[in-house]
Amino acid sequence: MRIRFTETVLRDANQSLVATRMPFSDFESILPVLDKAGYYSLECWGGATFDSCLRFLNEDPWERLRKIRKGCPNTKLQMLLRGQNLLGYKHYPDDIVRRFVKKSIDNGIDIIRIFDALNDIRNIEVAVDETIKNGALASGAICYTISPIHNLENYVKIARQMEEIGVSTICIKDMAGILSPKAVFELVKALKENVSCPLVVHTHSTTGLGYMTLLRAVEGGADVIDTAISGFSGGTSQPAAETLNYALSELGYNTGLNAEALDRIGDFFKDIRSRDFKSGLLNPTVLTTDAKALVYQIPGGMLSNLVSQLTSVNRMDLFNDVLEETPKVRKELGYPPLVTPMSQMVGAQATTNVITGKRYSSVSKEVKSYLKGEYGTPPGEIDEEIKKQILGGETPIEGRFADTLEPAFEKARAQIGDKAENEEDILSYALFPEQALKFFNYREGLKKRTFTYSFSLPESEGEKNA
Ligand code: CO
C-alpha cells in the first residue's frame with residue numbers, strides 16, 4: 001500500500017500560522033534536506049505568498065520561486081491558484097490568466113492546484129488548460145463545505161467535470177477543518193468509484209479532526225495527503241508529517257519518506273517557531289484546538305470576523321442573533337462554500353441584516369456582483385424574492401464573467417513602462433498594482449545604494465588598512 005505526502009510548510013503552514021511572513025532567508029538552508037525527504041510535492045508558492053512577498057517581505061515572488069527551484073531540483077514544486085482570480089481577489093481576463101500560469105511553470109512550478117470558491121468549473125478551466133499546455137500537472141481542488149446540497153452526488157459531479165477538462169489529480173480541499181473522519185471516508189470511496197484520477201486530501205487541524213480525517217482518508221483510498229512538518233503543524237495549520245508518517249508506516253503503508261530527513265527538517269522549523277513565538281509573529285492561540293466551527297458549522301476565521309465586526313460597533317449582545325442569521329443568509333444565497341471571498345460576504349451580510357433590523361436593506365457591492373453572477377454559478381438556488389429586491393431591474397449576466405473582460409496584459413505593460421524588467425514584473429503589476437510598484441521602487445533604491453557603496457568601499461578599506 002502506497003501513500004504519498006505533500007509538505008505545506010512553505011505555503012499553507014506559513015500562511016496559516018504566521019500570516020505568510022516567512023522570508024526566503026528563513027528556509028533557504030533547509031531546501032536541500034526538503035529535497036531529499038521523499039515528498040510527493042512541496043507546496044511552496046501561490047495562495048497568499050505572492051501578495052505577501054510584495055506587500056510585506058520586499059521580495060520578488062518570482063525570484064523566490066526560482067531560488068526554491070534551484071534549492072530543490074528533485075522534488076515537484078506545487079502552488080495554489082484561485083482559478084480565474086489567480087492569486088488576487090477579483091476575476092482576471094483570460095490573457096492574464098494564461099500568461100500567469102505559463103510564467104509560473106517557466107519559473108519552476110510542476111503542479112498547480114486550482115480551485116474556485118463556488119466550485120464553478122468555468123472559473124478553473126482556462127487555468128487548467130494552460131497548465132496542461134505547458135506540460136505541468138493540473139490538480140482540480142473541490143472546496144469542501146457542509147450544506148443540504150453538498151452531498152456525495154454533488155461532489156462526484158464536480159469531480160467528473162474536473163476529470164473531463166483534463167486534471168491529473170483531484171483534491172478535496174477542507175479549508176475550515178470541518179471534514180470529519182466519517183465524511184472523508186465516504187467521500188473518498190465515492191470519488192474513487194467514479195473518477196480514475198489519484199485523490200489528494202487537504203485539511204486543517206483547526207477543530208482537532210485533522211489526524212483522524214487523514215487516517216480515514218488513507219483507509220478510504222486517498223493517494224496523497226497534505227501535512228506540515230511538526231514545528232509548523234497543528235492548530236490552523238495541517239497535521240504533522242512525522243506523526244502521520246509514523247502511524248501510517250506502522251499500519252503497513254509505504255510513505256516513501258525519509259524519517260531522518262523529516263527529523264532534521266522538524267528541528268530546523270522548531271527553531272524558527274521559537275523565534276516567531278518570541279517576536280509575537282506566531283500567536284499561540286492559532287496552535288490550539290477550537291471546536292466552535294463544528295458547533296456552528298462556520299469556519300473559525302469567519303467566526304472571529306463576526307465577533308470583531310460586532311465589537312467594533314459595540315453590539316456583541318447581537319452575537320447569537322447573527323449566528324442564527326448566518327445560515328439563513330447562506331441558504332438564501334444558494335449555499336456558497338464558506339471560503340474567501342464568500343465567507344466574508346455572507347458574514348458581513350448577516351451582521352448587517354441583524355444590526356439594521358431590516359433584512360437586505362443594505363447590501364455590499366460584492367453581494368450585488370455575486371447576485372449578478374459575476375462570481376460564477378452558486379451551488380444552489382438564490383432566493384428569487386431577495387434577488388429581485390436587491391437587483392431591481394438589473395439583469396444578471398449570462399455565461400462566464402471573464403468573457404466580458406477586456407484583455408489587460410498589454411495595457412499593464414504600457415502602464416508600468418520600464419519599471420518592469422521582464423514579463424514577470426508586468427504580471428506582478430497586473431495583479432497587485434500598488435504593491436508591485438512599491439516593490440519596484442524599493443528594488444530600484446536598493447540598486448542605487450549598492451552602486452554608491454561600491455564606490456565608497458575602496459576609501460573605507462584604505463582607512464581601515466591605515
Ligand atoms: Co489550506
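The paragraphs below go through the domains of this chain, the interface between two of them, and the metal site with its neighbouring charges.

The model is a predicted one, and its domain assignment divides the chain into domain 1 (4-282), domain 2 (285-398) and domain 3 (404-454). Between the C-alpha centres of domain 1 and domain 2 there is a separation of 27 Å, and the contact that joins these two domains draws 30 residues from domain 1 and 28 residues from domain 2.

The size of an interface is often given as the accessible area lost when the parts come together. For domain 1 and domain 2 that buried area is about 2200 Å², and carbon and sulfur atoms give 68% of it. On the side of domain 1, the three residues Ala117, Leu118 and Thr207 supply 25% of the area that this domain buries against domain 2, which is more than any other three residues supply. As for polar interactions, seven residue pairs are in polar contact across the interface of domain 1 and domain 2, with both residues of a pair at pLDDT 80 or more, whereas the number of salt bridges between these domains is zero. The residues of domain 1 that touch domain 2 comprise 13 nonpolar, 14 polar and three charged ones.

A cobalt ion has as its protein donors Asp12, through OD, together with His202 and His204, each through NE2, and these lie 2.1 Å from the ion. Along the sequence, the spacing of the donor residues follows the pattern D-x189-H-x1-H. Both His202 and His204 are buried, and Asp12 also counts as buried because its relative accessibility of 5% falls under the 20% cut-off.

Asp12 has a further partner, since it forms a salt bridge with Arg11 in which the closest N and O atoms are 3.4 Å apart. Arg11 has a relative accessible area of 2% and is therefore buried as well, so that this salt bridge joins two buried residues. The pair belongs to a wider set, for a search of the whole structure finds 35 salt bridges. Another of them links Asp106 with Lys103, where the closest N and O atoms stand 3.7 Å apart.

Definitions and conventions: Residues are numbered from 1 along each chain as its sequence is written. This is a predicted model: local features need pLDDT of at least 70, side-chain atom pairs count only at pLDDT 80 or more; totals for chains, interfaces and linings use all residues. Side-chain values use heavy atoms; hydrogens and water are left out. Domain bounds come from an automatic or database domain assignment. Contact means heavy atoms within 4.5 Å. Buried area is the accessible area (1.4 Å probe) that two parts lose on being put together, summed over both. A salt bridge is a side-chain nitrogen of Lys or Arg within 4 Å of a carboxyl oxygen of Asp or Glu. A polar contact is a pair of N or O atoms within 3.5 Å; within protein, one must be able to donate a hydrogen and the other to accept it, and residues adjacent in sequence count only if both atoms are side-chain atoms. Ala, Val, Leu, Ile, Met, Phe, Trp, Tyr, Cys and Pro count as nonpolar, Asp, Glu, Lys and Arg as charged, and the others, Gly among them, as polar. Donors are N, O and S atoms within 2.8 Å of the metal (3.2 Å for Na, K and Ca); water is not among the atoms, so sites may look incomplete. Buried means under 20% relative accessible area, exposed over 50%, partly exposed in between (1.4 Å probe, protein chains only).
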